[in-house]
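Please examine the model displayed below. The dialogue after it takes a learner through several of its features.

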Amino acid sequence: MRIERVGVIGSGLMGSGIAQVAAYHGFNVTLVDIDQARVDAAIDGIHRRLLREAERGRITTEDCEASYQRLHGVADMDTLNSMARVDAVIEAVVEDLEVKGSVFRRLGEVCTPGTLLASNTSSLPLSDLAAASKRPERVIGLHFFNPPWALKLVEIVSTASTTDETLTDAMRFCEKLGRVPVQVKDTPGFIANRLLVPFIFDAIDLLDSGVSSAEDIDNACKVGLNHTMGPLATADLIGLDTLKLIAESMFEEYGEPRFKAPTLLRRLVSLGHLGRKTGRGFFKYAE
Ligand SMILES: NC(=O)c1ccc[n+]([C@@H]2O[C@H](COP(=O)([O-])OP(=O)(O)OC[C@H]3O[C@@H](n4cnc5c(N)ncnc54)[C@H](O)[C@@H]3O)[C@@H](O)[C@H]2O)c1
């Protein structure tokens with residue numbers, strides 16, 4: 001099927017980044033969130049990032065402005081009526097099965113029959129979202145990485161009901177978005193988070209048990225293991241609230257202690273220290 005108009009639901013870290021990638025690659029994008037102020041702030045943020053890319057000579061000024069013109073913000077999270085006019089939807093709301101389930105229920109009611117229905121969930125059962133939509137054959141996982149405009153990987157997640165046609169459409173869509181896809185079955189954490197989450201939790205354990213400082217733990221991974229970013233800075237980038245939600249869902253599914261959110265992570269979230277987005281997590285960030 002031909003995809004020209006894309007809906008992105010949720011304008012947070014991931015939704016706004018995915019909207020940016022889609023607009024830059026020529027798609028008309030409708031970005032949805034719960035209120036207009038949030039959507040407007042997200043579109044302003046995307047514009048600022050595009051302008052910065054143009055200043056650095058990575059994209060042309062024309063592409064920057066054309067991408068911005070292709071973005072439209074709508075605050076109809078309660079009805080999702082704007083999704084009746086798109087060819088593909090990428091859902092990127094908070095990692096909560098109930099919230100995502102109600103989005104997919106509504107998408108099943110409001111979208112035209114051929115619309116590709118994708119979720120950016122990191123760890124929740126895609127099959128539950130597929131069932132909620134009542135058109136499971138068109139539901140697929142498109143798990144983008146953070147930040148979406150810089151990291152090209154997309155994990156393409158199929159359920160037992162996803163059709164070959166849906167998978168082909170999703171692969172072509174990812175190609176047009178300039179992404180590098182890997183295919184994976186509907187399992188909690190897919191490939192990358194299944195490996196990454198226990199690794200981050202071990203780093204948190206090293207910190208909490210006083211074995212080493214946050215700086216030295218991250219430096220050991222950067223300098224000794226050649227990682228671009230240390231595990232604690234990665235946690236701050238993901239958002240500690242999102243990481244905790246991902247862990248809760250993986251722990252519930254696998255029942256293995258290695259996926260259980262460590263106490264220090266839970267305490268930081270309680271205090272509102274959510275990482276980069278609040279200026280403080282395992283590290284402090286300038287405003
Ligand atoms: N943060 C990451 O590194 C990362 C990477 C890949 C995938 N993901 C996934 O992307 C999704 C979004 O994560 P994020 O990091 O962008 O989170 P975020 O907190 O930055 O954004 C979440 C968005 O959901 C909206 N939202 C919150 N509560 C809502 C509700 N009750 N109803 C409807 N919308 C609501 C918020 O307004 C916000 O715009 C999650 O499924 C997450 O697992 C996150």
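What follows is a dialogue on the ligand site, the sheet and two backbone features.

Q: What kind of model is this, and how are its residues numbered?
A: This is a predicted model, in which local features need pLDDT of at least 70, side-chain atom pairs count only at pLDDT 80 or more, and totals for chains, interfaces and linings use all residues. Residues are numbered from 1 along each chain as its sequence is written, and side-chain values use heavy atoms, with hydrogens and water left out.

Q: Which residues around the ligand come nearest?
A: A residue is near a molecule if one of its heavy atoms lies within 4 Å of it. Here 23 residues surround the ligand, and Asp 33, Arg 38, Glu 95, Lys 100 and Ser 122 come nearest. By class, the shell comprises ten nonpolar, eight polar and five charged residues; Asp, Glu, Lys and Arg count as charged, Ala, Val, Leu, Ile, Met, Phe, Trp, Tyr, Cys and Pro as nonpolar, and the others, Gly among them, as polar.

Q: Which elements and domains supply the shell around the ligand?
A: Helices (H or I, at least four residues) and strands (E, at least two) are DSSP runs, numbered from the N terminus. At least two shell residues come from each of α1 (13-24), α4 (97-110) and β6 (139-144). Domain 1 (5-185) and domain 2 (193-277) each contribute at least three residues to the shell, the bounds being taken from an automatic or database domain assignment.

Q: How far is an oxygen atom of the ligand from an N or O atom in the side chain of Glu 95?
A: A polar contact is a pair of N or O atoms within 3.5 Å. For the side chain of Glu 95, the distance is 2.5 Å. The protein covers 84% of the 830 Å² of accessible area that the ligand has on its own, as computed by the Shrake-Rupley method with a 1.4 Å probe.

Q: What is the order of the strands in the sheet?
A: Two strands pair if DSSP finds at least two bridges between them. The eight strands form an open sheet with mixed pairing, in the order β3-β2-β1-β4-β5-β6-β7-β8. Its edge strands, β3 (71-74) and β8 (180-185), each pair on one side only.

Q: Where is Pro 147, and where is Lys 134?
A: Pro 147 lies in the loop between β6 and β7 (153-158), and the peptide bond from Asn 146 to Pro 147 is cis, with omega near 0°. Lys 134 is in the loop between α5 (126-133) and β6; although not a glycine, Lys 134 has a positive phi of about 65°.

Note on methods:
Polar contact = N/O pair within 3.5 Å; in protein donor to acceptor, adjacent residues only side chain to side chain.
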